[in-house]
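Subject: The structure, and some notes on it

Hi,

Here is the structure I promised to pass on. Please open it alongside this email, and then read on for my notes.

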Amino acid sequence: METHSRHSATQEYPHPFIHQVKMTRAQRIRGIILGSVLFPVRVTMAALCFLLMWPVARLRFAGLSEEERSRPVQGWRRWLLHPIMLGLSRLAFFFLGFLWVRVKGRRAELKEAPVLVVAPHSSFMDMVSLMPTQLATVVSRSENTSLPVVGALLEFNQAVLVSRKDPESRRRAVAQVTERLTSGGYWPQMLMFPEGTTTNGSTLIKFKPGAFLAGLPVQPVLLRYPNRLDTVRWTYKGTSWAEALWYTTSQFYTNVTVEFLPVYSPTPEEKADPNLYADNVQRLMARALGLPATDYVMEGRVPVKKLGGLSLPLESPARKTLKLLRTNGLGALEVQAALDRMLDRCRSGAQGSKVSPEELSSVLGLTDKPTAAAICDIYSKDELVDLRPICFTLGALSGRVGFAATLHTAFALFDAGGRGSLTAEELSDLMGALLDFPQRHTAELHAQASGGGRLTEENLLRVLTAHPAYQRVATEYMKAEEANGTAGNNNGNAYGGNKKLD
């Protein structure tokens, strides 16, 4: 079984969380004309179908106790109501423009594969894949149960509900999914989108291990929308869900292909390691789609790429900050002076490093307070912002400070006891400041840098500059940005040339 490394998620691959529908002027005019007629008709008819689904969904569990609701639905509630719901669902998508759903391959029986893994995940309209899978059970956000009609449909589906904000809810959902998959056919087949979020389909992002925890065979399912206009996708940035609905219903029809690949049976190594299992299935599906398999993932509504347990934001806050500073007339010398002032504040301790937008304006030497407020919003959603991530990332990116000097300064600030070494928690905090993103999985890095002993600055620098994977922190993420033909003092030893912390 293939276990070699995947494509690295570097800038050679497009940003998978941004999508904008690209149309010519003629296509826009045609869309407006057709949309003014088709959109209201199609949405009204689809809404009517969903309204008809509501009483069917409620009838399915009418009169059942909580204990009975926790078991798979049997008897007339299944053989009578399930086909009705399936027919209404297909009719709703027909009205939305999915006149045909092309199916390739054969859907595996429950005993062959208790879970179907579908990718790429592009939009809420991916639910069209439920038609050829006979309304397989899904996993959904618990917040969706409060939506009109949708909550009743999720109840009908007996979906596994999870709140991404509640760790305990996630643990319960994992246990529930595992219980269903290992029930030996007691529960119906499940359908899961292992990417966990929607993308623009340019890559396959890292699969979450949920569908693979049970170590049972899975059936990969490819979902394609082979249309001239890519209207269906709804992502983190770009086209909104309402625009995606408008653009899609404004077309005469929308093509969709659901392709069932052969069942994938895990090896003993994959059974023991769900992440390896997920990675290998991701690579298999990526090859079938002709797309790169990357380490991109969405964490806390922030697009990141995974690097040996570290999470590197795809959109560097420092790049946005540097652009704002340059727009406000701050040159290399002014940026250097700002870095020195930030460092002085950081030396006063973690509490002293917290500043308000007004204080940040003074520290950065900005006369435009809205710019300081904008920079605060980039780094924090709270009233105060921590200067340390701004200082470290801006210093490295501006080219005023070399990576070794940045790490030296950060190490001294986070080595609270002055021991010359870091604990696992201190390393997590340090890397979070260096990368300006919370780092909760630094155990692997800690093991690499400590070698079972003390985690010293020298060892950490060695790993972050020489390790095949971790060196990308210095060579890619914190690499100096070229400005006016130079990268400044990129090989300097300290802030301001003489601000070294001993």
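Which residue stands opposite K306 in strand 12? In this model, which is a predicted one, the residue facing K306 is S311. That pair is a handy way into the sheet, so I'll begin there.

**The three-stranded sheet**

Strands 10, 11 and 12 make an open sheet in that order, with antiparallel pairing. Strand 10 (296-299) and strand 12 (310-313) are the edge strands, each pairing on one side only. From one strand to the next, the twist averages 45°.

Strand 11 covers residues 302-307 and is joined to strand 10 by four bridges. On that side, M298 has P303 of strand 11 as its bridge partner. Strand 11 also pairs with strand 12, again antiparallel and over four bridges. Strands 11 and 12 form a hairpin with two residues between them, and G308 in this hairpin has a positive phi near 55°.

In a regular strand, side chains alternate between the two faces of the sheet. You can follow this in strand 12, where L310 and L312 point one way while S311 and P313 point the other way. All four of these residues are buried.

**Helix 17 and what it packs against**

Strand 12 also turns up in the surroundings of helix 17. This helix spans residues 443-450, and its buried residues are L445, A449 and S450. Looking down the axis of helix 17, you will find those buried residues within an arc of 115°, so they line one face of the helix. They pack against strand 12, helix 16 (424-435) and helix 18 (457-466). Just after helix 17 comes G451, with a positive phi of about 60°.

**The loop between strands 3 and 4**

Three residues are worth a stop in the loop that links strand 3 (115-119) to strand 4 (139-141).

- P120 sits in this loop, and the peptide bond leading into P120 from A119 is cis, with omega near -5°.
- L135 is in the loop too. Its phi is positive, about 60°, although L135 is not a glycine. With a relative accessible area of 12%, L135 is buried.
- T137 belongs to this loop as well. The relative accessibility of T137 is 4%, so it counts as buried, the cut-off being under 20%. Leaving aside residues up to four places away in sequence, T137 touches N157, Q158, A159, R180, P188, Q189, M190 and L191.

As background for the first two items, most peptide bonds are trans, and most residues other than glycine have a negative phi.

**One more positive phi**

What is the phi of V149? It is near 70°, a positive value in a residue other than glycine. V149 lies in the loop between strand 4 and helix 5 (150-157). Is V149 buried or exposed? At 19% relative accessibility V149 counts as buried, because the cut-off is under 20%.

If you want a short route through the structure, start at K306 and S311, go on to the buried residues of helix 17, including L445, and finish at the cis bond between A119 and P120.

Happy browsing, and best wishes!

How values were computed:
Residues are numbered from 1 along each chain as its sequence is written. This is a predicted model: local features need pLDDT of at least 70, side-chain atom pairs count only at pLDDT 80 or more; totals for chains, interfaces and linings use all residues. Side-chain values use heavy atoms; hydrogens and water are left out. Two strands pair if DSSP finds at least two bridges between them. Axes are lines fitted to C-alpha atoms, for helices over the stretch in contact, and angles run from 0 to 180 degrees between N-to-C directions. Buried means under 20% relative accessible area, exposed over 50%, partly exposed in between (1.4 Å probe, protein chains only). Contact means heavy atoms within 4.5 Å. The arc is that of the directions from the helix axis to the C-beta atoms.
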